[in-house]
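Take a look at the chain and its ligand. We will begin at the ligand, step back to the whole chain, and end at a single residue.

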Amino acid sequence: MRRYHVTTFGCQMNAHDSERIKGMLEELGLGEAPALEDADVMVINTCTIREKAESRLSAHLGLAKALKDADPGRLLAVGGCFAEVQRDRLFEQFPQIDFAFGPGSIAALGEWLTAERNDGASGSFGTGDERRFAAELPSRRERPFQGWVQISMGCNSVCSYCIVPTVRGKQMSRPAPEIVAEIERLAVDGVREITLLGQNVNSYGRDLPAAERLDFASLLRACDRTPGIERIRFTSPHPKDFRSDVIAAMAECGSVCEHAHLPAQSGSNRILKTMRRTYDRGRFLALVADMRRAIPDLAITTDLIVGFPGETDEDFEQTLSLVEEAGFDGAYTFVYSPRYDTEAASLPDQVPEEIKRERIERLIELVQRTARDRNERRIGGVEQVLVEGQSRTDSTLLRGRTRRNTTVNFAGTAGAGELVGVRVEATSSTTLRGTQVVL
Ligand code: 5AD
Ligand code: SF4
């Protein structure tokens with residue numbers, strides 16, 4: 001039996017797409033190889049959001065090349081966002097690649113493998129006639145009790161720093177009945193937690209024909225009605241589209257978790273404007289306040305970029321103060337990285353690397369302090385935890401996540417996939433520590 005190995009870079013959408021790539025390859029009769037070294041078909045699902053993603057990829061492509069040189073019978077397929085963005089230059093840059101495909105044409109990999117066009121004539125790019133939802137393919141889920149559910153692909157925003165709209169195209173929503181049917185199947189399969197995925201989940205449905213149109217709030221309510229699904233998460237919403245109907249649905253649906261990942265990007269109105277985020281600091285904070293009022297236990301995490309072109313010390317201070325005012329429970333922090341044809345890449349006043357470094361260090365320190373303060377408030381309380389397995393740092397402990405999406409390491413006896421109570425006893429900025437109790 002031929003064996004495959006899939007390496008995944010990038011976001012949750014890529015993690016989802018990789019599960020579909022694996023499902024498709026297994027349907028074609030391939031088995032999974034534990035490591036790249038053992039695979040006949042090496043697949044790399046790539047990301048291009050920041051330069052760093054690409055340098056990690058180059059190293060990985062180097063490794064794949066060495067394996068191919070040693071055994072030319074191996075195949076190397078490269079998919080995802082980097083492949084899409086570089087499609088005209090890809091094979092020239094990396095002649096070791098046999099086949100490439102973009103995020104909207106995963107099925108082309110299966111077709112290429114079946115057609116056995118692997119006669120050494122490398123260098124073809126798979127394009128479907130049209131973009132297809134990866135969700136139409138079979139899936140090999142990483143965890144039996146958790147499932148990704150794709151609700152849309154592409155993005156209609158024009159954030160000036162972001163490559164995603166170029167790569168993944170305009171937003172296309174999946175018809176709601178298909179989404180609900182998939183969730184029902186997942187529930188029957190033993191899945192207890194689902195994460196709805198889209199580049200901008202709360203503009204879901206706007207592109208659907210009028211007769212089929214459902215908005216994100218109604219979609220959340222429809223998902224909430226599925227028996228067996230105990231937790232619903234979603235990522236990522238755009239603050240500009242987060243309306244009161246979605247907040248109400250979050251507050252009223254028992255299975256929608258008390259967590260929102262709400263990318264702010266900056267705390268400075270001037271920078272938000274050049275980023276083309278279409279909200280300002282005041283509107284963002286008002287949204288946070290509305291959400292906390294409706295869902296008192298809510299955890300809010302965010303994405304922040306430092307060193308966007310033209311960012312002054314003053315602008316950066318505004319981002320620091322936003323972190324304190326919003327009271328984020330966590331944040332992914334990024335150094336601005338110019339991307340190919342994006343608008344921001346050609347803006348004047350690019351910030352020197354050294355200043356970017358200083359700023360990110362200060363930001364990380366503040367984010368950690370704020371997150372720790374927020375976590376400390378949980379000490380003494382009992383959290384509902386979905387058990388994921390053994391703790392990564394201490395094999396005598398279990399690991400799981402709270403509804404607020406915080407990782408907990410705890411003493412207990414439960415098995416993976418169980419929902420248990422954990423009394424919180426201690427905390428760091430990113431994880432809680434506790435003991436299992438009867439809920
Ligand atoms: N440079 C740095 N960070 C970026 N992001 C997107 N594009 C860039 C870029 N060019 C960040 C944003 C986004 C997250 C997924 O990645 O914060 O929310
Ligand atoms: Fe990376 Fe963005 Fe593509 Fe996700 S959508 S894999 S973050 S470039």
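**Around the ligand**

A polar backbone atom of Ser337 sits 2.8 Å from a nitrogen atom of ligand 1. The protein covers 86% of the 410 Å² of accessible area that ligand 1 has on its own. Two elements give two or more residues each to the shell around ligand 1: strand 13 (299–306) and strand 14 (330–335). Keep in mind that this is a predicted model.

Side chains make polar contacts with the ligand too. In Asp303, a polar side-chain atom lies 2.6 Å from an oxygen atom of ligand 1. In Arg50, a side-chain N or O atom is 2.8 Å from an oxygen atom of ligand 1.

Which residues are around ligand 1? Among them are Ile49, Arg50, Tyr161 and Gln265. Asp303 and Ile305 belong to the list as well. So do Phe334, Val335, Tyr336, Ser337 and Arg339. How do the residues of this shell divide into nonpolar, polar and charged? Six are nonpolar, two are polar and three are charged.

**The whole chain**

Now step back. The protein chain has 13 helices and 19 strands. Its C-alpha trace spans about 60 × 55 × 50 Å along the principal axes. What radius of gyration would a compact globule with 439 residues have? The value would be near 22 Å, and the protein chain has 22 Å, so the two agree.

Look next at what is covered and what is not. Of the 439 residues in the protein chain, 55% are buried. The accessible surface of the chain comes to about 19000 Å². Carbon and sulfur atoms account for 49% of that surface.

Contacts link parts of the sequence that are far apart. Take the contacts in the protein chain with a separation of 6 or more. Residues 24 or more positions apart account for 73% of them.

**One residue in a loop**

Finally, find Thr127. Where is Thr127 found? This residue is in the loop between strand 6 (124–126) and strand 7 (146–150). Its relative accessibility is 46%. Buried means under 20% and exposed means over 50%, so Thr127 counts as partly exposed.

Which residues does Thr127 touch, leaving out those up to four places away in sequence? They are Arg87, Ser105 and Ala108. Now pick out Lys52, which is 75 residues from Thr127 along the chain. The C-alpha atoms of Thr127 and Lys52 are separated by 27 Å.

Note on methods
Residues numbered from 1 in each chain as written. Chains lettered and ligands numbered in written order. Predicted model: local features only at pLDDT ≥ 70, side-chain atom pairs only at ≥ 80, totals over all residues. Heavy atoms only, no water. Helix = DSSP H or I, 4+ residues; strand = E, 2+ residues; numbered from the N terminus. Buried < 20%, exposed > 50% of the residue type's maximum accessible area, 1.4 Å probe, protein only. Contact = heavy atoms within 4.5 Å. Near = heavy atom within 4 Å. Polar contact = N/O pair within 3.5 Å; in protein donor to acceptor, adjacent residues only side chain to side chain. Areas by Shrake-Rupley, 256 points an atom, 1.4 Å probe, with all protein chains shown as cover. Nonpolar A, V, L, I, M, F, W, Y, C, P; charged D, E, K, R; others polar. Rg over C-alpha atoms; globule rule 2.2 N^0.38 Å.
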